[in-house]
Amino acid sequence: KPIPLEVAIFLMKEILLGIGHAHNQKIQMEGYDGVLHLDIKPKNILVTKNDNNPIKIIDYGISQGGKEERSKRVMGSRPYMSPEQFSLNTVLDKRTDIYALGVLFREMLTGRNWYPNEIRNDTKKIRNWIKTEPLPPVFPEYCDNPDVQEIIDKATEKKPENRFQSCEEFTEV
């Protein structure tokens with residue numbers, strides 16, 4: 001079900017704090033530049049009853065800690081993957097997770113997946129859709145604030161350089 005805008009904004013800010021913290025971890029190791037989650041989706045975000053720490057981000061099983069190139073296989077949950085995550089020779093960075101966070105925020109507001117049911121199990125069609133199609137709008141059907149649409153659109157830009165560059169920047173809007 002859709003989450004009310006005020007609640008969705010509160011939860012998204014908490015999620016951005018957690019992912020931003022992981023992104024900014026520094027360890028003395030060549031090529032290490034923070035932790036990328038790479039599998040952000042509703043199933044990996046737990047909402048707790050703890051007022052001081054209401055969000056738990058889980059399943060860092062495919063995360064990576066650096067800017068190394070991937071060469072073995074594409075990993076992630078297709079509907080939340082960024083366009084660049086489908087390319088094995090692309091170096092991923094924080095903006096890959098930013099894309100997934102934009103998809104997640106949209107899903108919080110609509111209560112729905114963004115992709116048509118007819119492509120749900122077709123990896124090639126989902127990949128092509130992600131690389132070429134914008135997410136269906138939330139404004140005005142699900143949200144009467146056009147600024148929220150702009151935020152989702154910026155987070156889910158096809159080119160990483162056009163997205164928010166960090167969780168901190170995403171949080172500031």
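Colleague: Which residues in H2 meet which residues in H4?

Modeller: From H2 come Ile98, Tyr99, Gly102, Phe105, Arg106 and Leu109, and they meet Val148, Ile151, Ile152 and Ala155 in H4, where contact means heavy atoms within 4.5 Å. The residues of this contact divide into eight nonpolar, one polar and one charged; Ala, Val, Leu, Ile, Met, Phe, Trp, Tyr, Cys and Pro count as nonpolar, Asp, Glu, Lys and Arg as charged, and the others, Gly among them, as polar. This is a predicted model, in which local features need pLDDT of at least 70 and side-chain atom pairs count only at pLDDT 80 or more, while totals for chains, interfaces and linings use all residues. Residues are numbered from 1 along each chain as its sequence is written, and side-chain values use heavy atoms, with hydrogens and water left out.

Colleague: At what angle do H2 and H4 pack, and how far apart are their axes?

Modeller: H2 and H4 pack at about 145°, with 7 Å between their axes; the axes are lines fitted to C-alpha atoms, for helices over the stretch in contact, and the angles run from 0 to 180 degrees between N-to-C directions. The crossing of H2 and H4 is left-handed, a word used if the near helix is turned anticlockwise from the far one by less than a right angle, with right-handed used if clockwise.

Colleague: Why are H1 and H2 called roughly antiparallel or roughly parallel to each other?

Modeller: Their packing angle is about 165°, with the axes 10 Å apart. Angles under 35 degrees count as roughly parallel, over 145 as roughly antiparallel, 65 to 115 as roughly perpendicular and the rest as oblique, and H1 and H2 are therefore roughly antiparallel. Their crossing is right-handed. On the H1 side the contact is made by Leu5, Ala8, Ile9, Leu11, Met12, Ile15, Leu16, Ile19 and His23, and on the H2 side by Lys94, Asp97, Leu101, Leu104, Phe105, Met108 and Leu109. By class, the contact of H1 with H2 has 13 nonpolar residues, one polar and two charged.

Colleague: How do you know that the span of H2 agrees with its number of residues?

Modeller: H2 has 17 residues, which should span 24 Å at 1.5 Å a residue, and its end C-alpha atoms are 25 Å apart, which agrees; the expected span is 1.5 Å times one less than the number of residues. H1 (residues 5-23) has 19 residues and reaches 26 Å from its first C-alpha to its last, close to the 27 Å expected. Helices (H or I, at least four residues) and strands (E, at least two) are DSSP runs, numbered from the N terminus.

Colleague: What makes H2 largely enclosed by the rest of the structure?

Modeller: Of the 17 residues of H2, 17 are buried, so the helix is largely enclosed, buried meaning under 20% relative accessible area, exposed over 50% and partly exposed in between (1.4 Å probe, protein chains only). Just after H2, Gly111 takes a positive phi of about 75°. In H1 the buried residues are Leu5, Ala8, Leu11, Met12, Ile15, Leu16, Ile19, Gly20, Ala22 and His23, and what covers them includes strands S1 (45-47) and S2 (55-57) as well as helices H2 (94-110), H4 (146-155) and H5 (167-172).

Colleague: Why is Lys41 called buried or exposed?

Modeller: Lys41, in the loop between H1 and S1, has a relative accessible area of 17% and is therefore buried. Residues up to four places away in sequence aside, Lys41 touches Ser77, Tyr80 and Leu104.

Colleague: What makes phi of Leu38 worth a remark?

Modeller: Phi of Leu38 is near 70°, a positive value in a residue other than glycine. Leu38 lies in the loop between H1 and S1 and is buried, given its relative accessible area of 7%. Asp59, in the loop between S2 and H2, also has a positive phi, near 60°, but Asp59 is partly exposed, with a relative accessible area of 41%.

Colleague: How do you know where Pro2 stands between buried and exposed?

Modeller: The relative accessible area of Pro2 is 47%, so Pro2 is partly exposed. Pro2 belongs to the segment before H1 and, leaving aside neighbours within four places in sequence, is in contact with Met108, Leu109, Thr110 and Gly111.

Colleague: Why is the peptide bond from Phe139 to Pro140 called cis or trans?

Modeller: Omega of that bond is near 0°, and the bond is cis. Pro140 is placed in the loop between helix H3 (123-132) and H4.
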